[in-house]
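Here is a short briefing to read alongside your structure. It goes through the sheets one at a time and then turns to a helix.

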Amino acid sequence: MSRHMFSGRTPLAALAALALNVAASAEIHTVLVGPGFDFLPAEITIQLDDTVHWQWNGGFHNVESGIGGVHDGNFRSGDPTSDPTTTFDVTFDQAFLDAHPMPDNLYPYYCIAHVGVGMVGSVTVEVAETCLADVNDDTTVDIDDLFEVLAHWGENGGTYDVNGDGVVDIEDVFDVLGAWGACP
Ligand SMILES: [Ca+2]
Ligand SMILES: [Ca+2]
Ligand SMILES: [Cu+2]
């Protein structure tokens, strides 16, 4: 089987270690609040389970979700402040998305003191279709799915073509590694 050909070249222990690293890759994204009337970066795209860390950088500001100064209730740092030690963190995990659903997982926000002069930002949360990588349908993406993809190496499409590009190859292996863990 193609599995043997592959494992002869690539130590499975290294693949497993890579998978663990990928699975534990939730990131923290810092957004500067001020010193002018802007957020930097103003628009960010993050992955599910990542955290946005707003850090006050001069000026009198807050972070408040919504559009045009109308708060939508998703998140709010508090009243505007110029305290330079102020920070505000939101972790955009599945529980947060479930509690605060938004179209396309797009979360607009503003500073209530300066929304009138365009102090706005947004967070877009990308959610990987992890269950596509669960090729054996047991609700967990793990070493068994990796073996299945390797065993069907080179096939044209089908269940084991995780990314749907028409061939089972290394990209599908990376998709399995990237989706490691329980399906949501
Ligand atoms: Ca599975
Ligand atoms: Ca593929
Ligand atoms: Cu402001």
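**Two sheets and a helix**

In this predicted model, 5 strands form an open sheet in the order 3-9-8-5-6, with mixed pairing. Strand 3 (43-47) and strand 6 (70-76) stand at its edges; each has a single partner strand, so one side of each is left without a neighbour in the sheet. From one strand to the next, the twist averages 40 degrees.

**The sheet of 5 strands, at strand 3**

- Strand 3 and strand 9 (residues 120-126) run parallel and are joined by 5 bridges.
- Ile44 has Val123 in strand 9 as its bridge partner.
- As general background, strands of a sheet pair through backbone hydrogen bonds, either parallel or antiparallel.

**The sheet of 4 strands**

- An open sheet of 4 strands follows the order 2-1-4-7, and its pairing is mixed.
- Its edge strands are strand 2 (39-40) and strand 7 (87-91), each of which pairs on one side only.
- Strand 1 (residues 28-33) runs antiparallel to strand 2, and 2 bridges join them.
- For Leu32, the bridge partner in strand 2 is Leu40.

**Helix 4**

- Which residues of helix 4 (residues 143-151) are buried? They are Asp145, Leu146, Val149 and Leu150.
- These buried residues cover an arc of only 140 degrees around the axis, which puts them on the same side of helix 4.
- The general rule behind such patterns is that an α-helix has 3.6 residues a turn, so residues three or four places apart point the same way.

How values were computed: Residues are numbered from 1 along each chain as its sequence is written. Chains are lettered from A and ligands numbered from 1 in the order in which they are written. This is a predicted model: local features need pLDDT of at least 70, side-chain atom pairs count only at pLDDT 80 or more; totals for chains, interfaces and linings use all residues. Two strands pair if DSSP finds at least two bridges between them. Axes are lines fitted to C-alpha atoms, for helices over the stretch in contact, and angles run from 0 to 180 degrees between N-to-C directions. A residue is buried if 20 or more other C-beta atoms lie within 10 Å of its own, exposed if 12 or fewer, and partly exposed in between; C-beta atoms are placed from the backbone. The arc is that of the directions from the helix axis to the C-beta atoms.
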